[in-house]
Amino acid sequence: MGLASASLFRTCGAYVILAGRSEARLETARQRLGDAQTLAFDITDSEQVTEALSRLPEESLDCLVVTAARVTHGPFAEQPVAEVREMFEARFWGAYGLVRAALPYMRAGGAIVLFSGVLSRRPGMNCAGLGAACAAVEALTRGLALELGPRLRVNCIAPGMVRTELHDRVPEERREAMFRSTGESLPVGRIGAPEEIARAVLLAATNGYMTGHVLDVDGGHTIRQYATRQ
Ligand SMILES: NC(=O)c1ccc[n+]([C@@H]2O[C@H](COP(=O)([O-])OP(=O)(O)OC[C@H]3O[C@@H](n4cnc5c(N)ncnc54)[C@H](OP(=O)(O)O)[C@@H]3O)[C@@H](O)[C@H]2O)c1
């Protein structure tokens, strides 16, 4: 979704900077986009974050979009607590630390777009920790919007299920079955595409009257029926 957003921003004439942990993956993404800068860092490593950002001129960023996150699932009583802590480390503390470090690099009038997920308000089995981490990011969004305004706006995108590399570790057959059954349970009848989320990111980045908002882009996940539609 980060790459799809960068691609849409490019189409709109923006200069984009791609970030992630892997130099090789960043280079592949950069080649797809054409003219773009890359910054390799791990969002959970504050020293790497500080060093990477120091390569940018101060007050040079109009928009910061944070999609990096770790996902873990498991039955509450069985999932190792350390695993859930690691997820909070990337998803919540990663976003928290990056926004803090990026403040001097943000231009007045700029926008920050964070990412959560529908699980924050519509829980799923084996996802209690993940839902809580998403809810923490949403609360952070509202707090930051209040505190950083009017200099900056802060919003959060809460996607439903979207076909991305995030799901690649699920074996293909199981993954496609999951996409199909989730899609069928949604009012729109299918799961989402990264490009559809990118349009919501662009809205949050450019609408100057929108801040402190959590935008569900989920095919109607939060209002779906419990049973699959007949
Ligand atoms: N896809 C869905 O169905 C879905 C649903 C609800 C919510 N979400 C949330 O939406 C956001 C975007 O999801 P996505 O599906 O686009 O994820 P994705 O395809 O897995 O992409 C995540 C990106 O973040 C980078 N990243 C991961 N960990 C990082 C770290 N520690 N430091 C720096 N970069 C890191 C990854 O690159 P490297 O691995 O190369 O670092 C990758 O480019 C996430 O917060 C996700 O949890 C996704």
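Let's start near the beginning of the chain, with helix α1, which covers residues 2–11 and in which A4, S5, A6 and F9 are buried. Keep in mind as you look around that this is a predicted model. What do the buried residues of α1 pack against? Their partners are β1 (16–20), α2 (23–33), β3 and α7 (194–206). Just after α1 you will meet G13, which takes a positive phi of about 95°.

Now let's move to the interior. In soluble globular proteins, nonpolar side chains tend to be buried together. Here, the largest nonpolar core has 30 residues. The ones with the most contacts inside this core are L53, L64, V66, L98, I112 and L114. Which elements give two or more residues to this core? They are the helices α3 (46–53), α4 (81–102) and α5 (128–148), together with the strands β3 (61–65), β4 (106–115) and β5 (152–159). The most comes from α5, which gives six residues.

To get a feel for this core, try finding L98 in the structure. Setting aside its neighbours within four places in sequence, L98 is in contact with F41, I43, V49, L53, L64 and V66. There is also a second, separate core, made of 19 residues, and L26, A36, V162 and A200 are among them.

Next, let's visit a pocket. The second largest pocket holds about 170 Å³ of space. Its lining is formed by T72, G74, P75, F76, Q79, V81, V84, N126, C127, A128, G129 and L130. Both α4 and α5 supply at least two residues of this lining, and the largest share, three residues, comes from α5. How many nonpolar, polar and charged residues does the lining have? Seven are nonpolar and five are polar, while no charged residues take part.

One of the lining residues, C127, brings us to the cysteines. A disulfide is a covalent bond between the sulfur atoms of two cysteines. How many disulfides does this model have? The count comes to zero. Take C12 as an example: the nearest cysteine sulfur belongs to C63 and is 11 Å away, and C12 is in no disulfide.

And why does C127 have no bond to C134? The sulfur of C134 is the closest cysteine sulfur to that of C127, but the two are 9.2 Å apart, which is too far for a bond; a pair would have to be within 2.5 Å to count as a disulfide. C127 is also a buried residue, because its relative accessible area is 13%, and buried means under 20%.

Technical notes
Residues are numbered from 1 along each chain as its sequence is written. This is a predicted model: local features need pLDDT of at least 70, side-chain atom pairs count only at pLDDT 80 or more; totals for chains, interfaces and linings use all residues. Side-chain values use heavy atoms; hydrogens and water are left out. A nonpolar core is a set of buried Ala, Val, Leu, Ile, Met, Phe, Trp, Tyr and Cys residues joined through side-chain atoms within 4.5 Å. Buried means under 20% relative accessible area, exposed over 50%, partly exposed in between (1.4 Å probe, protein chains only). Helices (H or I, at least four residues) and strands (E, at least two) are DSSP runs, numbered from the N terminus. Contact means heavy atoms within 4.5 Å. On a 1 Å grid over the protein atoms alone, a cavity is a set of points where a 1.4 Å probe fits but cannot get out, and a pocket is an open set with protein on both sides within 12 Å along at least five of seven lines; lining residues have an atom within 4 Å of a point. Grid points are joined across faces, edges and corners, and a volume is the space filled by probe spheres set on the points. Ala, Val, Leu, Ile, Met, Phe, Trp, Tyr, Cys and Pro count as nonpolar, Asp, Glu, Lys and Arg as charged, and the others, Gly among them, as polar.
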